[in-house]
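Me: Could you take me through the surroundings of the ligand in close detail, and then work outwards to the helices and loops beyond? I'd like a connected account, with the cut-offs spelled out as you go.

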Amino acid sequence: DPCCAAPLPVLGRDVTVPLVTGGEVTYAALDYAASAPALQRVWDDVAAYAPYYGSVHRGAGYLSQLSTDLFESSRATVAEFLDCRPGDQVVFTRSTTDSLNLLARALPAGCRVFVFETEHHASLLPWRDADVTYLDAPRTPAEAVTILERALAAREPYAAALVCVTGASNVTGELWPVRELAAAAHAHGARIVLDAAQLAPHHPVSVTGLDVDWVAFSGHKLYAPFGSGVLAGRADWLQEADPYLAGGGASRRVARREDGGVDVDWHTTAARHEAGSPNVIGVHAIASACRALTEAGFDSLVARERHLIAKVRAGLAEVPEVRVLSLFGDDAGGTPSGSWGRVGVISFVVEGWNSSHFAAALSAEYGIGVRDGLFCAHPLVRTLLGSAPQEQGECGAPEAAPGERSLNAIRVSFGAGTPDEHVERFVRAVR
Ligand code: PMP
């Protein structure tokens, strides 16, 4: 029974934390959507390589060559993990945020951008200097396609257009109809970039199968450590754009001109956007995570996650004060890769409770780490809560006055390393 496959070994399984009620308990990390713990296997791969690392693309020494080979073969591993098309480029970045900002800087002149207001700020905001159409929140996956088609048609003709959409919401965990949105974009001559920050750790992502033009994800949500990310997809816009960062490694040849200026011949490969000494450890870790997830098999990972989702949802459903946040409601089902409509990311509010206090109590009394706030998706959470959040810091959690309705939410999220005991403890604690 694939549901009973053991969780994958991750770091931090034995970390104990003190409880305000006395004693201590092993930490239940239920905030995978923010950052997932690294797989033990990834950590071991990094540790095995660490004594040998050297500068990439720069040295004649044996270890530099070894590191360069490792760095470049990691591109091939990621391309395979994402089922890229021949000719696609894999650019290593710092994160999803970095990847989407890179693409925003590579838009052709006059490019129109279409983005749902429900996006995470990382996919909502990088385009703000372009000609952006913000799309209203759909209430079903099918409506998302209709809204996009209408908006694309209304703004034609255009020389170039880009749609940006998230594959799995970091707030509701609901899957978006990526394949259908890609078909709609292409039917109108637009391109599409998939924010797979929350999708890639939970589902196989096929650039070819979904027919998306680019995909972005982060290492630290894919069971690798912080500091590395990926933008993969069509080479043309990337090759034609100015380098994201100017510097060594991005240029093939630099020479003084007679008029005193400097001529630069930039690379047209992924290196064009990777100036500076690259994060070879982070890239190695991402490639290791891709291999580990592939070997574990997404069929088994998805089945196990469904089992955990069902436990959490059933547990929350037993508590009348709990309201689970959902954009698509019972329609969640238009999935990019199967019939299950969500990943292990569930946000909720508890009547009579301030969400921040609730999350703090889960930590202090039960050793459970969840997230509270607006999850860097303010317009979406505002729609889901049906009320404007108070002024607050970026991604922050506003304080509700005593007796006032809480204006932020609690998010529980989990994945390949989560044992049943963690979600069982969570359900017990909420009860
Ligand atoms: N997109 C989504 C859907 C996310 O959940 C996140 C992280 N919360 C991001 C983008 C940004 O990822 P990062 O912070 O690694 O750049």
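**Around the ligand**

Reply: Happy to. Two helices, α3 (96-105) and α4 (121-124), each supply at least two residues of the shell around the ligand; helices (H or I, at least four residues) and strands (E, at least two) are DSSP runs, numbered from the N terminus. This is a predicted model, in which local features need pLDDT of at least 70 and side-chain atom pairs count only at pLDDT 80 or more, while totals for chains, interfaces and linings use all residues. Residues are numbered from 1 along each chain as its sequence is written.

The ligand is surrounded by 15 residues, and the closest are Ser95, Thr97, Asn170, Ala197 and Ser218. A residue belongs to this shell if its C-beta atom, placed from the backbone, lies within 6 Å of the molecule. By class, the shell has ten polar, four nonpolar and one charged residues. Here Ala, Val, Leu, Ile, Met, Phe, Trp, Tyr, Cys and Pro count as nonpolar, Asp, Glu, Lys and Arg as charged, and the others, Gly among them, as polar.

Let's stay with α3 for a moment. Thr97, one of the closest residues to the ligand, is placed in this helix. Thr97 counts as buried because 21 C-beta neighbours lie inside 10 Å; the cut-off for buried is 20 or more other C-beta atoms within 10 Å, with 12 or fewer for exposed and partly exposed in between, C-beta atoms being placed from the backbone. The helix as a whole is mostly covered, with nine of its ten residues buried. Among those buried residues are Asp98, Leu100, Asn101 and Leu103. They pack against β4, α4, β8 (191-195), β9 and β10 (229-233), where a contact is a pair of C-beta atoms, placed from the backbone, within 7 Å. Between Thr97 and Thr418 the C-alpha to C-alpha distance is 26 Å, and 321 residues separate the two in sequence.

Next, the helix pairs. α9 (residues 280-296) is a good place to begin, since α1 (residues 40-49) packs with this helix at an angle of about 140 degrees, with the axes 9 Å apart. Axes are lines fitted to C-alpha atoms, for helices over the stretch in contact, and angles run from 0 to 180 degrees between N-to-C directions. The angle makes α1 oblique to α9; under 35 degrees would count as roughly parallel, over 145 as roughly antiparallel, 65 to 115 as roughly perpendicular, and the rest is oblique. The crossing of these two helices is right-handed, meaning that the near helix is turned clockwise from the far one by less than a right angle, whereas anticlockwise would be left-handed. From α1, the contact uses Arg41, Val42, Asp45, Val46 and Tyr49, and from α9 it uses Ile281, His284, Ala285, Ser288, Ala289 and Ala292. These divide into seven nonpolar, two polar and two charged residues.

α2 also meets α9: their axes come within 9 Å and cross at roughly 40 degrees, which makes α2 oblique to α9. This crossing is left-handed. The contact includes Leu70, Phe71 and Phe81 of α2 and Val283, His284 and Ile286 of α9. Its residues are nine nonpolar, five polar and one charged.

Another pair is α10 (residues 298-317) with α13 (residues 420-430), whose axes come within 9 Å and cross at roughly 10 degrees, so α10 is roughly parallel to α13. Leu308, Lys311, Val312, Gly315 and Leu316 of α10 meet Val423, Phe426, Val427 and Val430 of α13. That contact has seven nonpolar, one polar and one charged residues.

Finally, some backbone details in the loops. Most residues other than glycine have a negative phi, and most peptide bonds are trans. Asp83, in the loop between α2 (62-81) and β4 (89-93), has a positive phi near 50 degrees. Asp211, in the loop between α7 (207-210) and β9 (214-218), has a positive phi of about 55 degrees. Asp83 counts as partly exposed because it has 15 C-beta neighbours inside 10 Å, and Asp211 is partly exposed with 15 other C-beta atoms within 10 Å. The peptide bond from Glu156 to Pro157 is cis, with omega near 0 degrees, and Pro157 is found in the loop between α5 (141-155) and β7 (161-166).

Key: Contact = placed C-beta atoms within 7 Å.
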